[in-house]
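This report walks through two ligand sites, one helix pair and two backbone details. Keep the structure open while reading.

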Amino acid sequence: MKPDQAAHNYRLYIETVGCQMNMLDSELVVAALRKQGYQLTADIAEADTILFNTCSVREHAEHKIYSALGRLKHSRSRRPDQVIGVIGCMAQKDQQLIFQKAPHVDLVVGTGQLAQIPELVAQSRADREKRVAVSLDRRDATRQQVSDSFQSYDPLRDPEMRPSPFQAFVRIMIGCDKFCTYCVVPMTRGPEQSRPPKDVLQEATRLAGEGVREITLLGQTVNSYKYTVDGRIWRLSDLLESLSGVAGIERIKFVTNFPRDMTDDLLQAVRDLPKVARYLHVPVQSGCNDQLKRMKRGYTVEEYREMMARIRATVPGCAVSSDFIVGFCGESDESFQKSADLLRECRFKNSFIFKYSPRPGTKADELFADDVPEEVKRRRNNELLAIQNAISEEDNVALIGREFEILVEGLSKTAKKEQLDDPRVGGTIQENTGTCDDHPQLVGRTRCDRIVVFEGNPRLVGSLVDVHVTDCTQTTLIGSIVTREFQHTGSDLLPILA
Ligand code: 5AD
Ligand code: SF4
């Protein structure tokens, strides 16, 4: 498309909810609109293009978007040229319903049509017509037809939209075929489709050239990755090996894993490839076999345990994190206690715990009553969280006194807040060249994905440093950079780290 000539003045406000896949989608949409001359703004009041990149996994996420849309009801009267778009999972799921609930919305664009956004925004601004661009419903067409209607969209990148200039997401597959009974994702993101390895490698190489040092490979079930090239099947382990050869990339993570697809070749790759994080996010969802069956997860507690044992045996010291759903249909006190027991047994690094939220269009919503009262869901959520927090703290305490290699990600939350509050600094990262005493708090992660804060020169952001852990909280290790003594080797001085 020819750039929209008038777009050079347009201001884009984009709000993103949901998972890392959504964050990546927003990065791509922003990059495409910037190419048309759009500028990003953090102030919704000055925006002439407002996009909500949405999530449908739980009802709460949808409520948040409908409330935000409600607040924009009268903003068109102040800005007649304004375009409001709802994009992503909710757009695919609710389609026309969005116009009924929020008549001032102009565009509804699903996860498979994001590439069309620059054109759709320009058209909508020109003729003020409403537009819907979504993929086929999985129930209405063949698998191939539905797959074709969900286009992957990864051509452009935008450094400003990344978690930090040194970290980037790389999509290796889209969609999901697991059809867990509670989940909307197979509908909102379509059939599972893996990306060709050469495209992934090319993208990683380009990102490395832009200074990225850590990539996180994304897929709804990332370890189900499979792509055939000239008769050879590429699995995630093959991809990790190839990506390890990309100069400049120091760390490779991948999320989210499906328990049944945690094959030995993948675990061996995690063990043998030094750039690959020793960290696996493998959601279990429940510790009760009846619940797992109702969820249609395709494994039993015993099989999950066996997988955990293989992880521990193959990759010693590997951190594992999980997701749990509490209050799923029919969850008794006894079945909930089985989740609590499994959590105690597996000692996850951290767990994301969710209260079950019935989703229209899913099998669980159709077949089972949402019969656990909200109050009980809340109690179970808090109980599981308390068990997890105690485990995280105990395991963190055991790491005090040890040294870890950290990839420095940026200023810590505390340091960012201090900078914003300090009128002399005004929110920019100050290159501190003074003594150690002046250094702000930085944050980074170990190879096992543990968060570490320590004082250091902001120039270290993006590099690997050794940190000695001196203290901890439930969620964070606290330490100091290991300062090496000056060592004389002939006339050479080895550099010190901090
Ligand atoms: N209700 C609550 N949690 C859900 N998840 C997915 N669908 C639902 C739902 N309907 C959780 C699962 C998944 C995570 C991304 O969200 O734990 O792993
Ligand atoms: Fe949803 Fe299950 Fe697919 Fe995960 S594996 S995205 S929970 S359907």
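## Ligand 1 site

The model is predicted. Around ligand 1 sit V57, R58, Y182, Q285, D323, I325, F354, K355, Y356, S357 and R359. By class, this shell splits into 5 nonpolar, 2 polar and 4 charged residues. Two strands, β15 (319–326) and β16 (351–355), each contribute at least two residues to the shell.

Which atoms of ligand 1 do R58, D323 and S357 approach? For R58, a polar side-chain atom is 2.9 Å from an oxygen atom of the ligand. For D323, a polar side-chain atom is 2.6 Å from an oxygen atom of ligand 1. S357 uses its backbone: an N or O atom there lies 2.8 Å from a nitrogen atom of ligand 1. On its own, ligand 1 exposes 400 Å², and the protein buries 85% of that area.

## Ligand 2 site

The shell around ligand 2 consists of C176, K178, F179, C180, Y182, C183, V185, P186, Q220, T221, F258 and R297. Its class count is 8 nonpolar, 2 polar and 2 charged. The cysteines C176, C180 and C183 are among the residues here. K178 and R297 are the charged members.

Y182 deserves a second look. It is listed around ligand 1, and it is listed around ligand 2 as well.

## Helix pair α9 and α10

Helix α9 covers residues 197–209, and helix α10 covers residues 236–244. Their axes come within 10 Å and cross at roughly 30°. The crossing is right-handed.

Which residues make the contact? From α9 come P197, V200, L201 and A204. From α10 come L239, S242 and L243. By class, the contact holds 6 nonpolar residues, 1 polar residue and no charged ones. S242 is the polar one.

## Backbone details

Most residues other than glycine have a negative phi, and most peptide bonds are trans. Two places in this model depart from that pattern.

One is a peptide bond. From V255 to T256 the bond is cis, with omega near -5°. T256 belongs to the loop between β13 (251–255) and α11 (264–272).

The other is a phi angle. Q95 is not a glycine, but its phi is positive, near 45°. Q95 lies in the loop that separates α4 (89–94) from α5 (97–101).

Technical notes
Residues numbered from 1 in each chain as written. Chains lettered and ligands numbered in written order. Predicted model: local features only at pLDDT ≥ 70, side-chain atom pairs only at ≥ 80, totals over all residues. Heavy atoms only, no water. Axes fitted to C-alpha atoms, helices over the stretch in contact; angles between N-to-C directions. Helix = DSSP H or I, 4+ residues; strand = E, 2+ residues; numbered from the N terminus. Left-handed = near helix turned anticlockwise from the far one by under 90°. Contact = heavy atoms within 4.5 Å. Nonpolar A, V, L, I, M, F, W, Y, C, P; charged D, E, K, R; others polar. Near = heavy atom within 4 Å. Polar contact = N/O pair within 3.5 Å; in protein donor to acceptor, adjacent residues only side chain to side chain. Areas by Shrake-Rupley, 256 points an atom, 1.4 Å probe, with all protein chains shown as cover.
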